[in-house]
Amino acid sequence: MYRPNGNCLRRFLKRSFCSAENIDSKVQIFDRHLKRKQRDRAAWLLNRKDSLVNTVADNLVDRLEDVKKTFPSALCLGGSMEAIRRSIRGRGGIEKLIMMDSSYDMVKLCKDAEKDLSSDNIETSFMVADEEFLPIKESSVDLVISCLGLHWTNDLPGAMIQSRLALKPDGLFLAAIFGGETLKELRIACTIAHMEREGGVSPRVSPLAQVRDAGNLLTRAGFTLPGVDVDEYQVRYNSALELIEHLRAMGESNALVNRIKFLKRDTALATAAVYESMFAAEDGSIPATFQVIYMTGWREHESQQKAKRRGSATVSFKDIQKEFGGQTT
Amino acid sequence: MVRGSSRVVEIISKTLSEMLVCPLSKQPLRVCEKSNSLISHAIGVSFPVVDGIPCLVPRDGEIIETDSDRTTADSFDAKTDHKTAQE
């Protein structure tokens, strides 16, 4: 994994990126302002018993128990931060938590819910901010955690670089994003229904990162000891419309810049019909796949293990074989 | 600056005041109690604080000075310093 020119390459990427960091990203895939509005709506529709979100949040926070380090100060980026707040329950030694989202209503909801959770003595602060423009001083938090929010950023590497800069040395970046397999059934159903009713296709489901991209993203953002793993969840709904309701409640509605801004009623119904006829289970329920990519990365610190420089070995493998290989034969 | 940071506590929490910087320039923010906002001198933008929650999305920010006032960085700095002194 550690090729000799890996470090140079990473440094080069970092440098070439930093110079462009403050310039507006040219490619705008998602309408961030619309996403804010959708998240405002999601704050009203929020379902605290959403098993998908709760499972992902719990899985993510659970990773804090795998490390011996404690994280006195943590920053929770947008996404399902309400679920994260509930699932911390004293894990990771978090003392100070900053919760951040781009939607004011979402932040307000979390602030109002705080009084029900005050038993675990975490000092929480709240702010409204954009992951792409992180207003956090360099080297100031031990943990950046993001649950199902970063897949809506236009500039994911930029957001991750900013998160890395916000971390103290040896700080942990922990994120869950939806992966490319997410909603593949809906993607297919939408395409077929659109072709049939309107004779053309427009994107209804956003492009998402693939698993192989996630590792590259972490390395590109300059994290050390990158780790990626994937989970797939099947959620069953009574009808395709219920799926759409669920997506709305999560704030995961379509926010592509190039979307067609209306959806014809019969196309919508056709999509639901295609979905049901193609993917419905025997008992009539509608399955939907959610692929979640978990990413972990650390900010560089000299205490971390790393591969030795190539050619720095002082003992030849042949000698080792002579020494130990001779004993076994 | 010191005077500013001791006042911060009153409208936003201490933790936040220690960590927040301007989302665009990454420079320190000054708390303005009078307008209940956070001001980034580096780019001349004020961000509102609503109900103790600072709103730091670039879109929420308001440009304080007009473009014609901001001909050079130096004159801009002098102007804002003057303003602070008046307060």
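In strand β3 of chain A, A:M127 has A:M100 standing opposite. That pairing is a good place to start exploring this predicted model, since β3(A) belongs to an open sheet of seven strands. Chain A as a whole contains 11 helices and seven strands. From here, we can look at the sheet, then the helices, and then the place where two chains touch.

**The sheet of chain A**

- Reading across the sheet, the strands come in the order β3-β2-β1-β4-β5-β7-β6, and their pairing is mixed.
- Strands of a sheet pair through backbone hydrogen bonds, and the pairing can be parallel or antiparallel.
- The edges are held by β3 (123–128) and β6 (224–237) of chain A; each has a single partner strand, so one side of each lacks a neighbour in the sheet.
- From one strand to the next, the twist averages 15 degrees.

**Strand by strand: β3, β2 and β1**

- Strand β2 (residues 96–101) of chain A runs parallel to β3(A), and six bridges join the two.
- Which residue of β3(A) stands opposite A:I98? The partner is A:S125.
- Although β3(A) stands at an edge of the sheet, five of its six residues are buried, so β3(A) is largely enclosed by the rest of the structure.
- On to the next pair: β1(A) and β2(A) also run parallel, joined by four bridges.
- In that pair, A:C76 has A:M99 of β2(A) standing opposite.
- Strand β1(A) is largely enclosed by the rest of the structure too, because four of its five residues are buried.

**A helix lying on the sheet**

- Helix α6 (residues 156–166) of chain A packs on the sheet.
- The strands that α6(A) touches are β1 (73–77), β4 (141–147) and β5 (167–178) of chain A.
- The direction of α6(A) makes about 145 degrees with that of β5(A).

**Helices α4 and α5 of chain A**

- The axes of helix α4 (residues 81–88) and helix α5 (residues 104–113), both of chain A, come within 10 Å and cross at roughly 25 degrees.
- Are these helices roughly parallel or roughly antiparallel? An angle under 35 degrees counts as roughly parallel, and α4(A) and α5(A) are therefore roughly parallel to each other.
- The crossing of α4(A) past α5(A) is right-handed.
- On the α4(A) side, the contact is made by A:M81, A:E82 and A:R85, while α5(A) brings A:L109, A:C110 and A:A113.
- Sorted by class, this contact of α4(A) with α5(A) has four nonpolar and two charged residues, with no polar ones.

**Helices α7 and α10 of chain A**

- Helix α7 (residues 184–198) and helix α10 (residues 265–279) of chain A pack with their axes 8 Å apart, at an angle of about 130 degrees.
- That angle makes α7(A) oblique to α10(A).
- Here, too, is a right-handed crossing, this time of α7(A) and α10(A).
- Among the residues of α7(A) that take part in the meeting are A:L186, A:I188 and A:I192, and those of α10(A) include A:V274, A:Y275 and A:F279.
- The contact of α7(A) with α10(A) has 11 nonpolar, three polar and five charged residues.

**A closer look at A:K184**

- You will find A:K184 in helix α7 of chain A.
- How many C-beta neighbours does A:K184 have inside 10 Å? There are 15, so A:K184 counts as partly exposed.
- Although A:K184 and A:F290 are 106 residues apart along the chain, 8.5 Å separates their C-alpha atoms.

**Where chain B touches chain A**

- The two chains come into contact through 17 residues of chain B and 21 residues of chain A.
- On chain B, α2 (14–19) and β4 (53–54) each supply at least two residues of the side that touches chain A.
- Which element gives the most to that side of chain B? It is α2(B), with three residues.
- The residues on this side of chain B divide into 14 nonpolar, two polar and one charged.

**Chain A overall**

- Taken along the principal axes, the C-alpha atoms of chain A fill a box of roughly 75 × 50 × 45 Å.
- Chain A has 329 residues, of which 38% count as buried.
- Among contacts in chain A between residues at least 6 apart in sequence, 81% link residues at least 24 apart.

Note on methods:
Residues numbered from 1 in each chain as written. Chains lettered and ligands numbered in written order. Predicted model: local features only at pLDDT ≥ 70, side-chain atom pairs only at ≥ 80, totals over all residues. Axes fitted to C-alpha atoms, helices over the stretch in contact; angles between N-to-C directions. Parallel < 35°, antiparallel > 145°, perpendicular 65-115°, else oblique. Left-handed = near helix turned anticlockwise from the far one by under 90°. Contact = placed C-beta atoms within 7 Å. Nonpolar A, V, L, I, M, F, W, Y, C, P; charged D, E, K, R; others polar. Pairing = 2+ DSSP bridges. Buried ≥ 20, exposed ≤ 12 C-beta atoms within 10 Å, placed from the backbone.
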